[in-house]
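Colleague: I would like a close look at a single part of this model. Please keep it brisk.

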Amino acid sequence: WSNGILQYINEHDRDYSLIQFHCWGNWSRDKKFNEGEYSIFSLANFKDYDGIVVDFTNMEDEKVIRDLQQRIIESKVPAISLCNSIDGIPCVRNDNYHAICGLFEHMWNIHNCRTFHFSGSSKKATESIEREQAFRDCCRRHGIEVTDDMITEMDYSTRTGALTAREFFDLSGKNLIQPLPDAFICANDNIAIGLIMEMRKHGYDCPRDFLVTGFDNLDKAMYYQPQITTVTLNRERI
């Protein structure tokens, strides 16, 4: 995001400064750690700025989201939300829907996959909602009934992929309780890698036993073995 904003400023020869408040407020299981990370936002007096660009995508603390949303709106400073639709703040985002459709059709036409599972973030994450809807519509177009056991949702971390994998095994972790799908469609690369790693613990591997797609084209998708089939988001252009 920052590169794109700075690139625009340079191309238009504008006298703007970019000040960024960034944290890792949801990557720990330690609540106090996360609270400490999120507290960086208390340093920002939004009325001091000419414009605000905010990314709520990876925020999981509802109170932090509500507080930030309210403070931004009350500041009356022009604001844009990246990717996630937030009431009262205009949103700009990529085309999640057709990207997932492209992945799904690739798995169907090129790899002859006929059974699928979707592993996504929470029902409150706008991007994951759009990606899940695309998955459901693609299944419907190919005559596949989407049942509850074909969807797993939690967050954008590797933990969601691990949870998805464990749903296919009994408590001992040794026996499948339902057949693995031909392909897992994941809402991002973290989930895809978490799923592959957990499946290996149970003796199953990708692409030997199943296929996986991710989203975002993070470095880990490029360098992980096997490389993750994924979608590139040009955040600079957005």
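Colleague: In which helix is the place of asparagine 190? Take me through that helix and its surroundings.

Modeller: Asparagine 190 has its place in helix H7, residues 189-201. Helices here are DSSP runs of H or I with at least four residues, strands are runs of E with at least two, and both are numbered from the N terminus.

Some ground rules come first. This is a predicted model, in which local features need pLDDT of at least 70 and side-chain atom pairs count only at pLDDT 80 or more, while totals for chains, interfaces and linings use all residues. Residues are numbered from 1 along each chain as its sequence is written, and side-chain values use heavy atoms, with hydrogens and water left out.

Confidence next. pLDDT is the predictor's confidence in each residue, from 0 to 100. The protein averages 92, and 100% of the residues score at least 70. Among the elements, strand S6 (residues 183-186) has the highest mean pLDDT, 98, and helix H8 (residues 219-223) the lowest, 86.

Now the helix itself. H7 has 13 residues and spans 19 Å from first C-alpha to last. That is close to the 18 Å expected at 1.5 Å a residue; the expected span is 1.5 Å times one less than the number of residues. At the start of H7, a side-chain oxygen of asparagine 188 comes to within 3.3 Å of the backbone nitrogen of asparagine 190. Just after H7, glycine 203 adopts a positive phi of about 90°.

H7 is mostly covered, with 10 of its 13 residues buried. Buried means under 20% relative accessible area, exposed over 50%, and partly exposed in between, using a 1.4 Å probe and protein chains only. Among the buried residues are Asp189, Ile193, Leu195 and Met199. The buried residues of H7 pack against strand S4 (116-120), helix H6 (158-166), S6, strand S7 (211-213) and H8. H6 takes part with its own covered side chains and backbone: its buried residues include Thr160, Gly161 and Ala165. They pack against S4, strand S5 (151-153), S6 and H7.

Back to asparagine 190. Its relative accessible area is 7%, so it is buried. Leaving aside neighbours within four places in sequence, asparagine 190 is in contact (heavy atoms within 4.5 Å) with Trp27, Tyr156, Ser157, Thr158, Leu218 and Lys220. The side chain of asparagine 190 also reaches the backbone oxygen of tyrosine 156 at 3.2 Å.

Tyr156 leads on to another residue. Glutamate 127, in helix H5 (residues 126-141), touches Tyr156 too, along with Thr57, Cys83, Asn84, Asn94 and Asn96, not counting residues up to four places away in sequence. Glutamate 127 counts as buried because its relative accessibility is 4%.

Notes. A polar contact is a pair of N or O atoms within 3.5 Å; within protein, one must be able to donate a hydrogen and the other to accept it, and residues adjacent in sequence count only if both atoms are side-chain atoms.
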